[in-house]
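Biologist: Please take a close look at one part of this model for me, the largest pocket. I would then like to hear about its surroundings.

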Amino acid sequence: MFRTTLAAAAAICLVAPAAAQTSDLLSSAPWTCQMTSLVGEPGASLILNFESNAALYASFFLEVPMDENVISMEFDATGSWTLSDSLITMEIGAADLTGAWYNDEELDEETKADMGASLGAELSNFSGESTIAYIAEHALVLEEPDTSISCWR
């Protein structure tokens, strides 16, 4: 009984520092990432900044092929994040379209405004979860059901 209690106490003592260490690694500097779909959807390049005060900043660049054409867009999102064991929950509160192109030609302002309004409505109050598969000072791998995200700094 004493050994079981001692082992449980040791496990509890080790969990808090491990979670704190993971949180510190996440928030010590922004991450440059490549998001890859595991189900054939377009991927994206992104920057993730998990701030120590639980604020989240993300910048996305993605290209969506449409037949022989490509629509590209760049947008920023802000929100918050929490960490529980290896599960990161990210909530987006606002998104702002910063650029949009059709076959590398910038879209007109009216079209960008319409796209931005649609994107903002779709992403406001969005919540998602990622599992930390690996984290170190200069590398981070996040897993989602249909996506893998590889990050570095």
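Modeller: Gladly, and one definition comes before anything else: a residue is buried under 20% relative accessible area, exposed over 50% and partly exposed in between (1.4 Å probe, protein chains only). The model is a predicted one, so to speak: local features need pLDDT of at least 70 and side-chain atom pairs pLDDT 80 or more, while totals for chains, interfaces and linings use all residues. Numbering starts from 1 along each chain as its sequence is written, and side-chain values use heavy atoms, without hydrogens or water.

Let me set the scene. The protein chain holds two helices and nine strands (DSSP runs numbered from the N terminus, H or I of at least four residues for a helix, E of at least two for a strand). Read from the N terminus, their order is α-β-β-β-β-β-β-α-β-β-β. Of the 153 residues in the chain, 31% are buried. Among contacts (heavy atoms within 4.5 Å) with a separation of 6 or more, 48% join residues 24 or more positions apart.

Now to your pocket. The largest pocket encloses about 750 Å³ of space. A pocket here is an open set of points on a 1 Å grid over the protein atoms alone, where a 1.4 Å probe fits, with protein on both sides within 12 Å along at least five of seven lines. Its volume is the space filled by probe spheres set on the points, which are joined across faces, edges and corners.

The lining has 27 residues, and those closest to the pocket centre are Met35, Phe60, Phe75, Leu123 and Phe126; to line the pocket, a residue needs an atom within 4 Å of a point. Strands S2 (44–50), S3 (55–66), S4 (69–84), S5 (87–102), S7 (126–135) and S8 (139–144), together with helix H2 (109–123), each give two or more residues to this lining. By class, 20 lining residues are nonpolar, four are polar and three are charged. In that count, Ala, Val, Leu, Ile, Met, Phe, Trp, Tyr, Cys and Pro are nonpolar, Asp, Glu, Lys and Arg are charged, and the others, including Gly, are polar.

Which element provides the largest share of the lining? That is H2, with five residues, and the helix deserves a look of its own. The end C-alpha atoms of H2 are 21 Å apart, in agreement with the 21 Å that its 15 residues should span at 1.5 Å a residue; the expected span is 1.5 Å times one less than the number of residues. Buried in H2 are Lys112, Gly116, Leu119, Gly120 and Leu123. Viewed down the axis, these buried residues fall within an arc of 100°, so they line one face of the helix; the arc is taken from the directions between the helix axis and the C-beta atoms. On the face turned away from the buried side, H2 carries the exposed residues Glu110, Asp114, Ala117, Ala121 and Glu122. The cover over the buried residues of H2 includes S4, S5, strand S6 (105–106) and S7.

Lys112 shows this buried side of H2 in detail. Its relative accessibility is 13%, so Lys112 counts as buried. Beyond neighbours within four places in sequence, Lys112 is in contact with Leu97, Ala100, Glu106 and Leu107.

From H2 we can move on to the strands. Ser127 lies in S7 and is partly exposed, with a relative accessible area of 44%. Not counting residues up to four places away in sequence, Ser127 touches Thr89, Met90 and Glu91. The C-alpha atoms of Ser127 and Thr89 are separated by 7.1 Å, although the two residues are 38 apart along the chain.

Two loops are worth a stop as well. Asp85, in the loop between S4 and S5, is not a glycine but has a positive phi of about 55°; with a relative accessible area of 62%, Asp85 is exposed. Asn103, in the loop between S5 and S6, is another non-glycine with a positive phi, of about 50°. Asn103 is partly exposed, at 32% relative accessible area.

Let me finish with strand S9 (residues 147–152), where Thr147 is placed. Thr147 counts as buried at 14% relative accessibility. Apart from neighbours within four places in sequence, Thr147 is in contact with Met35, Thr36, Leu38 and Leu142. Met35 brings us back to your pocket, as one of the residues closest to its centre.
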